[in-house]
Amino acid sequence: MSGDSSAASHSTDTASNPQVSTNPVAPADQSWAGRVRATLLAYIALTKPRVIELLLVATIPVMLQADRGHVDLAVIAFTLIGGWLGAGSANTLNMVADADIDKKMKRTARRPLARRAVATRSALIFGLALWAASFAVLYFAANLLSALLVSATILFYVGVYTLILKRRTWQNVVWGGAAGCMPTLVGWAAVTGSISWQPIVLFAVIFFWTPPHTWALAMRYKEDYKAAGVPMLPVIATEERVTRQMLVYTWLTVISSLLLIPATSWIYTVIALAAGAWFLERVTKLYRDTKRGVEVTPLKVFLQSNEYLAIVFCGLAIDAVIGLQTISSYF
């Protein structure tokens with residue numbers, strides 16, 4: 001779900017490198033309460049709670065749109081719990097696989113496995129337990145399809161993105177970003193038990209949004225990625241090429257968001273158009289400034305990309321709850 005939104009096989013061999021240990025490091029506070037608190041916080045950090053915000057942004061509006069004009073709080077709550085457990089599993093297993101490169105990057109050096117706050121084996125068991133719990137919650141509270149979709153997401157994120165794409169190709173976040181799009185399908189499936197064109201459109205919105213969002217951050221931390229041997233586009237290409245690619249994907253993001261207009265009312269239409277123009281203006285400026293050789297601040301684009309996605313999906317949620325006549329019904 002992208003944020004970190006890597007990777008060839010994880011191969012930290014403690015036998016051949018005696019300086020590396022998989023045993024957890026004891027917290028500075030040696031009191032019982034201090035140790036418990038530090039351990040609990042370390043396990044929570046394994047799930048990357050800030051990344052899971054995307055789950056909320058994407059899932060709730062889709063579920064509301066799947067049942068326009070109605071709000072089933074119980075189904076939404078259980079789907080979010082199941083989705084959170086699944087995302088936590090994927091993120092934990094991702095950290096297990098990426099523990100070696102996380103130690104090399106300043107941005108990730110404080111992650112639990114990188115600083116040995118949790119043993120690798122314990123993190124692996126924790127990740128698998130979250131996976132099983134996610135499947136159980138979604139299967140019993142929603143349906144089999146939603147449970148299978150979350151499992152497919154975990155397998156794709158860890159097996160395809162982390163273990164194959166991340167350290168091998170600059171297109172890692174392009175294709176690997178598909179994992180972060182899955183909440184749209186899961187949310188729709190949890191309500192309807194099926195998939196239709198609408199969640200696929202919303203899947204496309206997040207899919208095309210992920211590269212400019214991630215590359216903006218990678219521009220800021222490209223030395224980190226270079227040190228870790230991760231071939232993010234900003235590491236292997238000029239800033240002009242990176243920002244040009246970001247602009248292309250931003251256009252695709254905005255165009256995709258407009259494809260949903262027939263199934264919504266004027267509320268979503270206005271919000272999607274305004275937010276799209278705002279996002280495009282920012283990325284276009286970044287590209288033009290880079291092309292002219294002006295010093296740029298890509299982190300602003302990263303932050304604005306978050307705001308853009310939140311605005312579009314919140315607009316969809318409002319539109320769905322109010323349940324006004326859809327644009328297609330006029331024709």
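This passage looks at one helix, the nonpolar cores and the salt bridges of a predicted model.

Helix H11 is a good place to start. Spanning residues 239–258, H11 has 20 residues and reaches 29 Å from its first C-alpha to its last, close to the 28 Å expected at 1.5 Å a residue. Its buried residues include Val-242, Met-246, Tyr-249, Thr-250 and Thr-253. The buried residues of H11 pack against five elements named here in order: helices H6 (172–176), H8 (197–220), H10 (233–236), H12 (266–291) and H13 (298–322).

Met-246 also appears in the largest nonpolar core, where, of 67 residues, Trp-215, Met-246 and Phe-313 touch the most other members. Helix H8 supplies the largest share of this core, 12 residues. Apart from this core lies another, of 9 residues, with Ala-42, Leu-46, Met-95 and Val-96 among them. Leaving aside neighbours within four places in sequence, Phe-313 is in contact with residues that include Val-57, Pro-61, Thr-184, Leu-202 and Ile-206.

Turning to charged pairs, the whole structure holds 9 salt bridges. In one of them, Asp-98 meets Lys-166 at 2.8 Å, N to O. Asp-98 lies in helix H3 (residues 73–102) and Lys-166 in the loop between helix H5 (144–165) and H6, so this pair ties together parts that are 68 residues apart in sequence. Both Asp-98 and Lys-166 are buried. Arg-111 and Asp-102, likewise buried, form a salt bridge with their closest N and O atoms 3.3 Å apart. A further salt bridge joins Arg-292 to Asp-289 (2.7 Å, N to O); here Arg-292 is exposed, with a relative accessible area of 59%, whereas Asp-289 is buried, at 9%. Finally, salt bridges with shared partners link Asp-98, Asp-100, Lys-166 and Arg-167 into one network.

Notes:
Residues are numbered from 1 along each chain as its sequence is written. This is a predicted model: local features need pLDDT of at least 70, side-chain atom pairs count only at pLDDT 80 or more; totals for chains, interfaces and linings use all residues. Side-chain values use heavy atoms; hydrogens and water are left out. Helices (H or I, at least four residues) and strands (E, at least two) are DSSP runs, numbered from the N terminus. The expected span of a helix is 1.5 Å times one less than its number of residues. Buried means under 20% relative accessible area, exposed over 50%, partly exposed in between (1.4 Å probe, protein chains only). Contact means heavy atoms within 4.5 Å. A nonpolar core is a set of buried Ala, Val, Leu, Ile, Met, Phe, Trp, Tyr and Cys residues joined through side-chain atoms within 4.5 Å. A salt bridge is a side-chain nitrogen of Lys or Arg within 4 Å of a carboxyl oxygen of Asp or Glu.
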